[in-house]
Amino acid sequence: MNGHSLCADAVDLAELGIGSHPPQELSSLTAPPLTPEHPRIRSAAVDSDSQQAALAAGSVVDPEIPVLTVADLGVLRRVQVHRDGSVDVDITPTYSGCPAIAAMSADIRRALADAGHPAVTVSTVLSPAWTTDDMTDTAREMLQRFGIAPPGPAPQAGPVALGLAVRCPQCGSRNTRERSRFGSTSCKSMWTCEDCSEPFDHFKAL
Ligand SMILES: [Zn+2]
């Protein structure tokens with residue numbers, strides 16, 4: 001573990017039972033390639049000249065959950081290629097104090113250099129703040145396949161919705177129980193599946 005993750009604290013994959021017994025399919029699990037039609041690429045690229053750079057930047061993955069691209073995470077906000085070839089990139093951190101953002105910035109600069117853009121400025125923008133709703137459906141699907149129950153809709157103002165069952169990422173059962181409001185990291189809670197008895201982490205909606 002290199003200490004970088006989607007959250008402020010490291011995701012302990014071994015604790016999830018992933019590191020100790022990696023299923024065969026997990027090791028070959030990779031983020032699906034991005035296309036110019038990807039909704040986060042379309043919204044980030046300020047013009048058609050910026051599209052290829054947005055694809056290169058957006059393909060960078062979360063350091064510890066390498067099946068999630070920064071595009072699918074909703075972290076990539078804006079990519080602009082200037083006439084001199086220099087690139088401006090805006091990214092938004094997932095959770096406050098998230099150390100992964102530094103690793104992602106470096107990886108974005110590297111990806112753009114490989115794509116022929118050595119002059120890159122990566123800026124961190126805090127507004128509008130990132131929420132779990134910024135994750136694409138692909139991100140949720142990949143989290144699920146990675147063994148982490150994806151977040152539900154972000155909480156709205158008003159009465160808290162009760163009875164939202166969390167689906168077990170191993171067997172799909174909704175017969176699950178929250179064990180701890182705060183799991184291995186502050187952004188996740190620990191759950192156990194009553195049907196397959198497997199413990200798993202759930203990304204809390206934010
Ligand atoms: Zn289960």
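I began by fixing a term: two residues are in contact if their C-beta atoms, placed from the backbone, lie within 7 Å. I also noted that helices (H or I, at least four residues) and strands (E, at least two) are DSSP runs, numbered from the N terminus. The model is predicted, so I kept in mind that local features need pLDDT of at least 70 and side-chain atom pairs count only at pLDDT 80 or more, while totals for chains, interfaces and linings use all residues. Residues are numbered from 1 along each chain as its sequence is written.

Entry on helix α3.
I looked up how covered α3 is, taking a residue as buried if 20 or more other C-beta atoms lie within 10 Å of its own, exposed if 12 or fewer, and partly exposed in between. Helix α3, residues 51-58, is mostly covered, with 6 of its 8 residues buried. I listed these as Ala53, Ala54, Leu55, Ala56, Ala57 and Gly58. Against which elements do the buried residues of α3 pack? I found α2 (39-44), α4 (70-73), β1 (76-81), β2 (87-91) and α5 (100-114).

Entry on Leu34.
I then turned to Leu34, which sits in the loop between α1 (24-27) and α2. Leu34 counts as buried because 21 other C-beta atoms lie within 10 Å. Leaving aside neighbours within four places in sequence, I found Leu34 in contact with Ile41, Leu55, Gly58, Ser59, Thr69 and Ala71. Of Leu34 and Ala71 I wrote down that they are 37 residues apart in sequence and 8.3 Å apart in space, C-alpha to C-alpha.

Entry on the sheet.
I traced an open sheet of 4 strands in the order β4-β7-β6-β5, with mixed pairing, where two strands pair if DSSP finds at least two bridges between them. The edge strands are β4 (148-149) and β5, each of which pairs on one side only. Strand β5 (residues 176-180) runs antiparallel to β6 (residues 188-193) and is joined to it by 4 bridges, and I saw Thr176 opposite Cys193 in β6. Strand β6 is also joined to β7 (residues 199-203), antiparallel, by 5 bridges, and Thr192 has Pro199 in β7 as its bridge partner. In the hairpin of β6 and β7, with 5 residues between the strands, I noted that Ser197 takes a positive phi near 65°.
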